[in-house]
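Here are some short exercises to work through with the model open beside you. Try each task on your own before reading the solution.

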Amino acid sequence: MRVSKIASIYDGDIVGFNSRACYNHLRGKRDIQVEGGDAEAVLAYFRKKVASNPQFFYSIQMDETGAAVNFFWVDDRSRAAYHYFGDVITFDTTYRTNKYKMPFAPFTGVNHHLQSIQFGCALMQDETAESFKWVFETWLEAMGGHAPNAIITDQDLAMKIAIVEVLPDTRYRLCIGHIKKKFGEKLSHVYYKKSKFKKDVKKLIWFTYKKEDFEDRWMELMKEYGLENNEWLQQLYAIRESWVPVYNRGTFFAGMNTTGRSEDVNSFFNEFVNPDTNLIEFVVRYNQALKRIVRREMDEDYESEHKYRIVEDDEFLLKHAASVYTRNVFNKFKAELKDARKFKVEEMINRERFQLFVVKSKIYDSEKFIVSIDLQSHEGNCECQNFEFVGILCKHMLKVFIHKDIDKLPEHFIVPRWRQKANIIRTTYENLVEDNGTEEARELMISRMNAQACELVYVAAESHERYRVYSKYLTDLRGILLKIPVNKIPDIPQSDVVPSPQLSQILISDPNISQTKGRTKDGSIQSRKRFRSGIESGTSKNKRHYTCCNQLGYHDKRTCPENRGARRGLVSVKEASRSGEEKEFVRYPGSCRL
């Protein structure tokens, strides 16, 4: 909730607590927290977390002067989730909403509900290969040395160097969304809205299923539009294996082609932080954001397990999918099965134990795929490689299943991470809280009991007799629970306020303002103007015709160079720039605003 709304909720005008008083109160709290140093407050917070939960992991890197350089931390639940959903991750460093302009680098994955989840994060001083290497090594240590199968990042050379060195066996892939944006900047003369070249490139990238077809069609496009000698396109073609989908369909990416999930997480965190947020506030609010992510996952767990999916009795494949998949994955499977109606099947000759089928589109004659399947074990594959890439059977394979009266999904085509019970964390987490008397453990127990109680209520509501039994035993259960002595759970402040250390105990000094890419050496932003893309820059702005001077230009009557009367009384002001040079400019008297 934004601070400005707090006073209005409590009717601040009546109780004498307005928005300004609320801001002043929070500012005083922040000053107390960082009295001994912002970085030291973060260290104290991390130590408190480890004391209450040994599974919490953190690491801070310092330079030779004792200043904090890089921060990394990950909570226990994210570490547990990584073992089930850490096969593919995205990594992005474009978010810099904090006081020190430090890039925020979250490790993001996707859970069994197709929701974004966190596997830890870092705050970095800079974006050099050494910093990236430290972040990846520290993160890998926190995850028990288990590297992901695949990772998607933006096109950063320093990041690539670190990934190749630290994660040599991980499939490295570039975000196709970032590359598509550069098409408009680099090729604005041919790549624009509704241009034929744009449509051809889109079709080439997304609807090519053979590497040879992509390479042949790429050369044809370059020749057709006279782009054979374009240096940027040549460089892009040289690294085609790291961004073109056809080269990556054989690897499981959970259907992801971009770092969009990381960017979505950045947008999500905008509700919790702002450009003036200091380090300790950022870390505490990140923990608050994680709680909301966990709550959202638990809500979807309940929806998937208890909400009925409407399926016809004769839709056998769909009925089986509804019993194994989560709600969101089921909807994707249902869409694939629906699209299967647009295809027809032709049987080909057998090849050893596999039989070949040609699945053709009823709409586009050129769209056809070869499906190979063993009719005994039901093992097989399709040219589109949708199952290998997404983990869900494609429309072509499903069409063959329907053609051969296969009414149940083979077990080897059900990816465990998409099952309803894939988050075994919920059940194994119960064991973790038994010996842990923290606030987090208590919240987890409450969430689990709420879910169980809701499930029991629905069962009891089926008949009046069930309701009677439910009410009787619920009263008896309450009496039994009240007889059990209570071990008081230690209170931990909800605000996570960290006591400020004494100045004599300072171990880490605060980081410097981050000098990230695109900024000047002193850390200031070069220009506050909005960044203009290549398309905007290439579009000339029409000059206006002025009656005062009968000339074309961008000035107005007040600043017209021919209007000498308007320029009387101009005051020459000299200002020393940061480089030491004196700059002279003119100012209209009385034009300054306070």
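Before we start, one definition will help: helix axes are lines fitted to C-alpha atoms over the stretch in contact, and their angles run from 0 to 180 degrees between N-to-C directions. Please keep in mind that this is a predicted model.

**Exercise 1. Helix 9 and helix 10**

Task: Work out how the axes of helix 9 and helix 10 are oriented, and which residues meet.

Solution:
- Step 1. Find helix 9 at residues 196-206 and helix 10 at residues 211-224.
- Step 2. Their axes come within 11 Å and cross at roughly 170 degrees.
- Step 3. Angles over 145 degrees count as roughly antiparallel, and therefore helix 9 is roughly antiparallel to helix 10.
- Step 4. Now look at the side facing the partner: helix 9 brings Lys 196, Asp 200, Val 201 and Leu 204, which meet Phe 214, Arg 217, Trp 218, Leu 221 and Glu 224 of helix 10.
- Step 5. Sorted by class, this contact has five nonpolar, four charged and no polar residues.

**Exercise 2. Helix 8 and helix 11**

Task: Describe how helix 8 and helix 11 cross, and sort the residues of their contact by class.

Solution:
- Step 1. Helix 8 covers residues 176-186 and helix 11 covers residues 231-238; their axes come within 11 Å and cross at roughly 165 degrees.
- Step 2. That angle makes helix 8 roughly antiparallel to helix 11.
- Step 3. The crossing of helix 8 past helix 11 is left-handed.
- Step 4. From helix 8, Ile 179, Lys 182, Phe 183 and Lys 186 meet Trp 232, Leu 233 and Leu 236 of helix 11.
- Step 5. The residues in this contact divide into five nonpolar, two charged and no polar.

**Exercise 3. A four-stranded sheet**

Task: Trace the open sheet of four strands and find its edge strands.

Solution:
- Step 1. The strands lie in the order 8-9-10-11, and their pairing is antiparallel.
- Step 2. Strand 8 (343-351) and strand 11 (380-382) are the edges, each pairing on one side only.
- Step 3. On average, neighbouring strands here are turned by 20 degrees against each other, direction ignored.
- Step 4. Zoom in on strand 8 and strand 9 (residues 354-361): they pair in the antiparallel sense over seven bridges.
- Step 5. For an example, pick Asn 350, whose bridge partner in strand 9 is Gln 355.

**Exercise 4. The whole chain**

Task: How many helices and strands does the protein chain have, and what share of its residues counts as buried?

Solution:
- Step 1. The protein chain holds 21 helices and 15 strands.
- Step 2. Of its 594 residues, 43% count as buried.
- Step 3. Among contacts with a separation of 6 or more, 61% involve residues 24 or more positions apart.

How values were computed: Residues are numbered from 1 along each chain as its sequence is written. This is a predicted model: local features need pLDDT of at least 70, side-chain atom pairs count only at pLDDT 80 or more; totals for chains, interfaces and linings use all residues. Side-chain values use heavy atoms; hydrogens and water are left out. Two strands pair if DSSP finds at least two bridges between them. Helices (H or I, at least four residues) and strands (E, at least two) are DSSP runs, numbered from the N terminus. Angles under 35 degrees count as roughly parallel, over 145 as roughly antiparallel, 65 to 115 as roughly perpendicular and the rest as oblique. A crossing is left-handed if the near helix is turned anticlockwise from the far one by less than a right angle, and right-handed if clockwise. Contact means heavy atoms within 4.5 Å. Ala, Val, Leu, Ile, Met, Phe, Trp, Tyr, Cys and Pro count as nonpolar, Asp, Glu, Lys and Arg as charged, and the others, Gly among them, as polar. Buried means under 20% relative accessible area, exposed over 50%, partly exposed in between (1.4 Å probe, protein chains only).
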